[in-house]
Every structure is written in C-alpha cells, then in structure tokens.
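Visitor: Please give me a close look at a single part of this structure. I should like to follow how the elements there are placed against one another.

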Amino acid sequence: MIALSRAGEVALGVIGTILNIIFLIFVTLAVMGASNANTDELKQMFEEEIVLSDPNMTPEDIAVFNDAVDVGIEVVGVVGWVVVVTLLISIILSILGVVKVSKNKSPKAAGIMFIFAGLLSGILLLAPILFYIAAIMCFVRKTPVQYVEDPYYNNEVQNQPQQPL
C-alpha cells in the first residue's frame with residue numbers, strides 16, 4: 001500500500017524507472033547493431049566517400065582510416081555494453097528505492113538509492129533529474145506522526161456525537 005505522504009516520490013521513481021527502461025532498450029539495440037555490423041561493407045562505403053571527397057588520398061591514408069574505423073567500432077561495443085550494465089544497475093536501484101519509499105519504511109535509504117540510480121543512469125537525461133528530485137523529497141519530507149492517545153487522530157472519537165458542556 002502506498003502511503004499518501006510518499007506518493008510524489010513513488011510517482012517520480014516509477015516514471016524515472018520507465019524512462020530508464022526505454023533508454024536501456026535503445027542503447028542495447030544500438031550496441032547490438034554496432035557489434036553485428038559488417039565492418040567490411042562499412043569500410044568500403046567510407047572508402048568510397050573519402051575517395052569522392054578527396055581524390056588525392058593515398059592507400060596509406062585509407063589504411064589508417066580503416067584502422068580507425070575498426071578501433072571505433074570496438075570502442076563503441078565495449079563502452080556500449082558498459083552503459084547497458086550501468087543502466088541495469090540503475091534500474092534495479094530505482095526499483096528498490098520505489099519499494100522502500102512506497103512502504104514508508106526507510107525513505108532515507110530510498111533517497112540514497114535514487115541518488116545512485118541517477119548517477120548511474122546519466123547526467124543530462126530526464127530520468128536522473130527525476131531520481132534526484134525524488135531523493136531530495138525523501139530527505140526533506142517528514143512522515144506525519146499520529147498519536148493514538150490524541151482524540152483528534154482517533155476516528156472512533158470523531159464519529160461519536162459531541163455532548164454539550
């Protein structure tokens with residue numbers, strides 16, 4: 001059951017998590033596409049474009065460019081998989097943060113999880129900004145304390161007719 005006092009944090013956490021999942025899908029597809037790309041065709045296409053733009057290119061220049069294309073594709077693959085793993089960790093942390101804050105057991109721990117989820121999911125994206133706002137709300141907002149002895153908070157006393165003094 002979601003506590004009403006923490007509905008904002010839960011909503012921001014869920015929206016941020018959904019945005020992270022969408023970003024994860026796009027990054028995974030891009031990395032898989034780059035990993036499975038036919039480098040020979042890619043090199044041939046770039047070679048034709050280079051020769052058309054500068055006919056004075058030497059075979060050594062084209063060889064250097066082909067090596068640069070190979071290195072670039074390898075870097076995109078490695079960095080892309082690192083980004084996929086950090087996004088997965090971010091999604092897990094954000095889900096744990098939403099669960100913690102929704103049960104209203106430890107909003108401070110949820111705030112810390114939201115901060116780490118935001119750090120792992122990127123800097124200038126929308127999801128980390130939502131995670132940071134949820135974390136600030138977790139740290140700043142206090143859970144209302146209800147006293148059982150106080151008749152104002154006791155529903156049984158409120159529903160009884162009042163007797164004249």
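Guide: What follows turns from the chain as a whole to the packing of its helices and then to a pair of rings. The model is predicted, so to speak of local features requires pLDDT of at least 70 and side-chain atom pairs count only at pLDDT 80 or more, whereas totals for chains, interfaces and linings use all residues. Residues are numbered from 1 along each chain as its sequence is written, and side-chain values use heavy atoms, with hydrogens and water left out.

The protein chain has six helices and zero strands, where helices (H or I, at least four residues) and strands (E, at least two) are DSSP runs numbered from the N terminus. Of its 165 residues, 27% are buried, that is, under 20% relative accessible area with a 1.4 Å probe, protein chains only, as against exposed at over 50% and partly exposed in between. Among contacts (heavy atoms within 4.5 Å) between residues at least 6 apart in sequence, 69% join residues at least 24 apart.

Helix α1 (residues 7-35) packs against α5 at an angle of about 160°, with the axes 8 Å apart; axes are lines fitted to C-alpha atoms, for helices over the stretch in contact, and angles run from 0 to 180 degrees between N-to-C directions. The two helices are therefore roughly antiparallel, the term for angles over 145 degrees, with under 35 counted as roughly parallel, 65 to 115 as roughly perpendicular and the rest as oblique. Their crossing is left-handed, meaning that the near helix is turned anticlockwise from the far one by less than a right angle; clockwise would be right-handed. The residues in contact include Leu12, Ile15 and Gly16 of α1 and Leu130, Phe131 and Ala134 of α5. By class, this contact has eleven nonpolar, five polar and one charged residues; Ala, Val, Leu, Ile, Met, Phe, Trp, Tyr, Cys and Pro count as nonpolar, Asp, Glu, Lys and Arg as charged, and the others, Gly among them, as polar.

Helix α3 (residues 59-102) also packs against α1 at about 160°, with the axes 9 Å apart, and this crossing is left-handed. The contact of α1 with α3 comprises 20 nonpolar, ten polar and one charged residues.

There is one aromatic pair: rings of Phe, Tyr and Trp (its six-membered ring) pair if their centres lie within 6.5 Å, with planes under 30 degrees apart counted as stacked, over 60 as edge-to-face and the rest as tilted. Phenylalanine 114 and phenylalanine 131 are stacked, 6.0 Å centre to centre with 10° between the planes. Phenylalanine 114 lies in α4 (residues 107-121) and phenylalanine 131 in α5 (residues 126-140), so the pair ties together parts 17 residues apart in sequence. Both phenylalanine 114 and phenylalanine 131 are buried.
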